[in-house]
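Ready for some practice at reading a structure? Grab a pencil, have a go at each exercise, and then check the worked solution under it.

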Amino acid sequence: MEPLEQLHNFISAIHWLNESEWEVFSGIWQSFECKRKTVLTVAGETEKHLYFVLEGLQRAFYIGDDHEAATIVFTYPSSFSGVADSFLTQTKSRYFLETLTASKFLRTTYRQLEELMNGYPSIQKMVLKLTALALKGVLERQIELQCFSAEEKFRALLKRSPHVLQIIPHKYLASYLGIDPATFSKLLGSVRI
Amino acid sequence: MKSFNSTAVLQELQADVRQLVLGVSYLQKEDPELLELIPAPGKWSVAQVLEHLNSYGRYYLPAIEKSLRANKPRKEQFTPGWFGNYFTRIMKPGKDGKVHNKMSSPKDHRPSASPDVKPVVDEFMDQQHRLLSLLEQSKQKNIGAIRTPISISRFIKLKLGDTFRFLVAHEQRHFVQITNAIREIQRTTGKFQSAPLAIQHSPVF
């Protein structure tokens, strides 16, 4: 599938853009690719880009005081990527974003998106909807992290995204779920779907 | 001389700098002692290496900032200059991520005996963020036409693109040194076993 077609399919499921709106919107994206373990954004930098993932796996992570990196979110085709809160607020990121595998994206800049949002209310509405959905996801995840047992978290992840065990290194998954690696290994062995 | 897409060069250099920032972000969380210890007699501590890199940044970052005022809009292709390419090639670690040619540092870039860890690391990080910003700004400029004088002689001017390449290659070279220093300290003290090590390198660009 053509990259822009992939983006169009994704967007259409969330918000309807008419022909001229889609034309200007599709005009702000550039192709970008990079190899695995490329650091796209570092903490302290302001996220300039919004990425739409065509291929590959990425993760955002936080480096805490005990120097263990905490994985916050994974992004893969077709989802948006980039440090969302830094991008939307244009303030410094507290997180790092890196590719875990060779990746291909469409990407645009805040300036280009802002120009469209200022000129097209429908596009602004779309960005608002996408932001609201992201917020919804974050709250759901917060509940899981706060209230679920290790096994419940593990099962929830497998139910939502069964393929992740094959593509994401287990140490990052364990970190993402807030489970220690030993418990994670145990759950891998015992939990059957 | 082979020419490159100028935006791609700057992009790649930004990715390289981000690797270093990530590496130091991990180091910042370690016991400062790891950065203070001398790995072996006559060798620099991690803090001293960073201080050495800071001394280059102190000269080059303002020089680059100044040169960016020139009204020379970007050109699609960048061809490295002879000197620039030479300096970058001898600085850059090899494809195996190791340094095979020994060099000694110019006198005025030798670090003090035991620098204070926190200000050194803070300055290094601050410089890298400034460097990221300058690389970003340079995407709008002609990095082949704008020149900056090198620190050891104001009569030798490198193309801006080469100054960036050299600067980053120099930092990467010293990060190999940092990796080796940490390994050595882990070996001799038995401590800091969970300290992060690998900083990846891109091929010579």
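**Exercise 1.** How many residues lie between E3(B) and E4(B) in the hairpin they form?

Keep in mind that you're looking at a predicted model. Start with the turn: E3(B) and E4(B) make a hairpin with two residues between them. Next, check the pairing, which is antiparallel and runs over four bridges, with E4 of chain B covering residues 153-159. Finally, pick out one facing pair: B:Arg147 sits opposite B:Lys159 of E4(B).

**Exercise 2.** Work out whether the length of helix H3 of chain B fits its number of residues.

Step one: H3 of chain B has 22 residues, 46-67. Step two: the expected span takes 1.5 Å times one less than the number of residues, so this helix should span 32 Å. Step three: compare that with its end C-alpha atoms, which are 31 Å apart, so the two agree. There's still a bend to find, though: H3(B) turns by about 30° at B:Gly57.

Now look at what surrounds the helix. Its buried residues include B:Val46, B:Leu50, B:Leu53, B:Tyr60 and B:Ile64. The buried residues of H3(B) pack against helix H2 (33-36), helix H5 (117-137), strand E3 (147-150) and helix H6 (160-189) of chain B.

**Exercise 3.** Decide whether B:Pro73 is buried or exposed, and find what it touches.

First, locate B:Pro73 in the loop between H3 and strand E2 (77-78) of chain B. Then count its surroundings: B:Pro73 has 9 other C-beta atoms within 10 Å. The cut-off for exposed is 12 or fewer, so B:Pro73 is exposed. Last, look for partners beyond four places away in sequence: B:Pro73 touches B:Gln140, B:Lys141 and B:Asn142. With B:Lys141, the C-alpha atoms are 4.4 Å apart, though 68 residues separate the two in sequence.

**Exercise 4.** Put the strands of the four-stranded open sheet of chain A in order and name its edges.

Going across the sheet, the order is E1-E8-E3-E6, with antiparallel pairing. The edges are E1 (30-34) and E6 (80-81) of chain A, since each of these pairs on one side only. Now zoom in on E3 (residues 49-55) and E8 (residues 103-109) of chain A: six bridges join them. One bridge to spot is A:Tyr51 with its partner A:Arg107 in E8(A).

**Exercise 5.** Describe how the two domains of chain A meet, then how chain A meets chain B.

Begin with the bounds: domain 1 of chain A is 3-139 and domain 2 is 148-193. Their C-alpha centres lie 25 Å apart. Six residues of domain 1 of chain A are in contact with five residues of domain 2 of chain A. On the domain 1 side, strand E5 (residues 69-75) of chain A gives the largest share, four residues. By class, that side has four nonpolar residues, one polar and one charged.

Between the chains, 13 residues of chain A are in contact with 13 residues of chain B. The chain A side of this contact holds six nonpolar, three polar and four charged residues.

**Exercise 6.** Find where the cis peptide bond and the positive phi values sit.

Here's the background: most residues other than glycine have a negative phi, and most peptide bonds are trans. The bond from A:Pro77 to A:Ser78 is cis, with omega near -25°. A:Ser78 is in the loop between E5 and E6 of chain A. For phi, A:Lys37 comes out near 55°, and A:Lys37 lies in the loop between E1 and strand E2 (39-41) of chain A. B:Phe192 also has a phi near 55°, and B:Phe192 falls in the segment after H6 of chain B.

Definitions and conventions. Residues numbered from 1 in each chain as written. Chains lettered and ligands numbered in written order. Predicted model: local features only at pLDDT ≥ 70, side-chain atom pairs only at ≥ 80, totals over all residues. Contact = placed C-beta atoms within 7 Å. Nonpolar A, V, L, I, M, F, W, Y, C, P; charged D, E, K, R; others polar. Bend = angle between axes of the 7 residues up to and from the residue. Buried ≥ 20, exposed ≤ 12 C-beta atoms within 10 Å, placed from the backbone. Domains from an automatic or database assignment.
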